[in-house]
Amino acid sequence: MIIEAPSNLGLIEPYPGGEPGVGKLPAWLKTHGLYDYLGVREIVQIHPPKYSMTVDAESRVRNAESIVCFSRQLSVAVCSAFTSGYFPVVIGGDCSILIGCALALKSMGTFGLFFLDGHTDFMWPELSQTAGAAGMELAMVCGYGSSKLTDIDSRKPYIEEKHVWCVGNREFTTWYVEAIQSTGIHYVDLNQLRKTGIRNCVCEFLTYTDKNRLDGFWIHLDVDVLDDALMPAVDSRQPGGLWYDELGEILFPLLSHPKAAGMNITILDPDRDPSGRYTRMFVNYFCRLRKVLQS
C-alpha cells in the first residue's frame, strides 16, 4: 500500500514567499512509474494542513499544531495498513512524516527503526537554526523536545532510542554529532559504515531485532543519504553520500526480513529536478531492487 503523505510542514520556505516542493513528491513519483514498478494494490491519501512559516510559541517548532494533526491522521492510515495485511510505503513530504509513522508503531507494539539519512536529524529547538521539524524528527520520535510533538496522545517515546540505528550521516560538525552520541542510539556515520562494512551493520541491526524480540522495524529513507551526484534534488545538499549499489546492500536484507513492517521515503523535491533526470534514476533503482527481491 502506498500512503501519500505530501507534507512540507517541517521545512522552511526555499525563498521569501515560496513553498517547499516536497509536497509534490507522491504525484511526481507516480508520474515517473514508481507505483507501477512496486505493484501497488491500494493508495491512501493524507492531505496536510496549509503550509506556513509560523513558529509555535509553546514548542518553538514551525507548524507544530498542524504537524500534530497530520501525524494523527497518518498514524491511523499506517495502523489500518498493518491490520489489513499490507506493507505500507509512506511517501512524503519532508522528514517530519516519521512522527506519524512512529506514532502508529507505538500503538501496535515495540518496534525498531533503521534511520537512513544524510543527517542525523537529532536536534531540538535549542539546537535548531530553522525551527523546522524536518531537522528534529529523530529526536522527537525518541522523546527529545517539546511534549506537544514528542508525547502525542501520551505515547512518549514512540520508539526507544536503544532500538534505533542512525546510519549514513555525513554532517560532521562537532556539536551536531555530539547530540546523538550522548544517547543510546546506535550511531553509524558514513565513514564508519564503509569502514566496518555495510553487511556487518545491517546484520547487527537484524540480529538485535530478533534477539530483543521486537515486533518489527521501520525503515526511514531520506534520499539525501545518496551521493550528491546521484541525488542533488534535496533541500540540504552536501558532498558525498551512498552510491546506489551501497543502498541496495542495505535495503535488500532489510526488506527481505520478515519483521520489516514498512518504510517512508522523503525529501526528493520535484522543483529541484525539473527534467526528472534524478527522479528517473531513483525510480529505476527501485524497479531493479523489486526484481531482486522477487527473485
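The following exchange introduces the sheet of this structure and one lysine, K148.

This is a predicted model, in which local features need pLDDT of at least 70, side-chain atom pairs count only at pLDDT 80 or more, and totals for chains, interfaces and linings use all residues. Residues are numbered from 1 along each chain as its sequence is written, and side-chain values use heavy atoms, with hydrogens and water left out.

Me: In what order do the eight strands form the open sheet?

Reply: Strands are DSSP runs of E with at least two residues, and two of them pair if DSSP finds at least two bridges between them. The pairing in this open sheet is parallel. Its eight strands follow the order 2-1-3-8-7-4-5-6.

Me: Which strands stand at the edges of the sheet?

Reply: An edge strand here has a single partner strand, so one of its sides is left without a neighbour in the sheet. The strands in this position are strand 2 (43-45) and strand 6 (186-188).

Me: Which residue is the bridge partner of F114 in strand 5?

Reply: Strand 4 (residues 111-116) and strand 5 (residues 164-167) pair in the parallel sense over four bridges. In strand 5, the partner of F114 is W165.

Me: Is K148 buried or exposed?

Reply: Buried means under 20% relative accessible area, exposed over 50%, and partly exposed in between, with a 1.4 Å probe and protein chains only. The relative accessible area of K148 is 15%. K148 is therefore buried.
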